[in-house]
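Me: I should like to go through this model one question at a time, with each answer argued from the structure. Please begin once it is displayed.

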Amino acid sequence: MKRELLSLIAHTDHPIAAPLTDESVSSLLDRAVSREDARVLDLGCGSGEWLLRALARFPRLQAVGVDLSGPALAEARERAEKLGVGDRLTLHEQDADDFTDPDGFDLVLCVGAAHAFDGLPGTLAATSRHLAPGGRLLVGDGYFEREPTEEAKEMLGDSGDLKAVMRQVTDAGLVPVHAHLSTRHELDAYEWAWTGSLAAWALDHPEDPDRAQALEVSAVHRDEWLNVYRDTWGFITLVLRQLG
Ligand SMILES: C[S@@+](CC[C@H](N)C(=O)[O-])C[C@H]1O[C@@H](n2cnc3c(N)ncnc32)[C@H](O)[C@@H]1O
């Protein structure tokens, strides 16, 4: 089974693909959406869960999502139609770095997809390019709460600590107007949901040829999380505005 299909199954019980509770997501969106009729762009939107929640919450909001994964975008389209918000959602299957739009956006999101821009500095530059005057960014990325092992750095990339993250933000000419540090509960709930959904799918499909692979990926991911990065890794989601 392709990695993107495994990832969709792994997110069955936690469709936001980042360690945040539904309450944290709502509160971040409330801080980030500055007008009822906002134009919102999500770079690396996955199955579009952030945009779907924003569309459901703000009936005049318009949303655009960009992702490389066709199956994730198909899932986003299906959920949007079910929620009755499909007419306000546009999706593009392409590299987020190549996406262009002649008009600026009131809010640009990029959560858990900084690898699309080679890390946080590239993400801040790329998302800022799409901002309308007075617009906001909502950016979520990992960082190390404690000194990581070499293995953890190799696995997750060397994103630095919270001080390094904040330096990158201010160097980009951006000002944090709100932020959320994922709690121990949020970090654990996300990983248990990811590994648990995949394992449960495998157990529920005993005849499926992909069963063994799903069980293996779930077990390897659980071991890596518990043994390599659980004790050092954290996640920050920032709402940012441009200086000036
Ligand atoms: C961890 S998921 C985050 C999804 C979503 N932002 C969320 O928080 O629920 C990362 C997403 O980034 C997408 N992605 C990775 N590289 C990309 C690129 N170069 N252009 C567009 N999307 C990309 C992946 O396909 C995946 O859907």
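The questions below concern a predicted model and turn from the ligand to a loop residue and then to salt bridges.

Me: Which residues come nearest to the ligand?

Reply: The model is predicted, and totals for linings use all residues. The ligand is surrounded by 17 residues. Those that come nearest are Ala17, Gly44, Asp67, Ala96 and Val111.

Me: How many residues of each class, nonpolar, polar and charged, make up the shell around the ligand?
Reply: Glycine is counted here with the polar residues. On that basis, the shell holds nine nonpolar, six polar and two charged residues.

Me: What is the distance from a nitrogen atom of the ligand to a polar backbone atom of Ala96, and how much of the ligand does the protein bury?
Reply: Backbone atoms of several residues approach ligand nitrogen atoms: an N or O atom of Gly44 lies 2.8 Å from one, and an N or O atom of Leu68 lies 3.4 Å from one. For the polar backbone atom of Ala96, the distance to a ligand nitrogen is 2.9 Å. Taken alone, the ligand exposes 600 Å², and the share of this that the protein buries is 83%.

Me: Is His130 buried or exposed?
Reply: His130 is placed in the loop between helix 5 (120–128) and strand 5 (131–144). Beyond its neighbours within four places in sequence, His130 is in contact with Leu41, Leu43, Phe99, Thr100, Gly104, Phe105 and Val108. Its relative accessible area is 9%, and the limit is under 20%. His130 is therefore buried.

Me: What is the value of phi near which Asp118 lies?
Reply: Asp118 is in the loop between strand 4 (105–111) and helix 5, and with a relative accessible area of 76% this residue is exposed. Most residues other than glycine have a negative phi. Asp118, which is not glycine, has a positive phi, near 60 degrees.

Me: How many residues apart are Arg39 and Asp101?
Reply: Arg39 and Asp101 form a salt bridge, with their closest N and O atoms 3.6 Å apart. Arg39 belongs to strand 1 (residues 39–43), whereas Asp101 lies in the loop between strand 3 (89–93) and strand 4. Arg39 is partly exposed at 25% relative accessibility, and Asp101 is likewise partly exposed at 25%. The pair links distant parts of the chain, and the separation is 62 residues.

Me: Why does the pair of Arg129 and Asp97 tie together parts that are apart in sequence?
Reply: Their salt bridge has its closest N and O atoms 3.7 Å apart. Arg129 is exposed, with a relative accessible area of 57%, whereas Asp97 is partly exposed at 39%. Arg129 lies in the loop between helix 5 and strand 5 and Asp97 in the loop between strand 3 and strand 4, so the parts tied together are 32 residues apart in sequence.

Me: Which residues do salt bridges with shared partners join into one network?
Reply: The structure holds 14 salt bridges. One of them joins the side chains of Arg146 and Glu145 at 3.8 Å, N to O; Arg146 is partly exposed at 48% and Glu145 is partly exposed at 35%. Where salt bridges share partners, they form one network of Asp22, Glu49, Arg53, Glu75 and Arg79.

Conventions. Residues numbered from 1 in each chain as written. Predicted model: local features only at pLDDT ≥ 70, side-chain atom pairs only at ≥ 80, totals over all residues. Heavy atoms only, no water. Near = heavy atom within 4 Å. Polar contact = N/O pair within 3.5 Å; in protein donor to acceptor, adjacent residues only side chain to side chain. Areas by Shrake-Rupley, 256 points an atom, 1.4 Å probe, with all protein chains shown as cover. Helix = DSSP H or I, 4+ residues; strand = E, 2+ residues; numbered from the N terminus. Buried < 20%, exposed > 50% of the residue type's maximum accessible area, 1.4 Å probe, protein only. Contact = heavy atoms within 4.5 Å. Salt bridge = Lys/Arg side-chain N within 4 Å of Asp/Glu carboxyl O.
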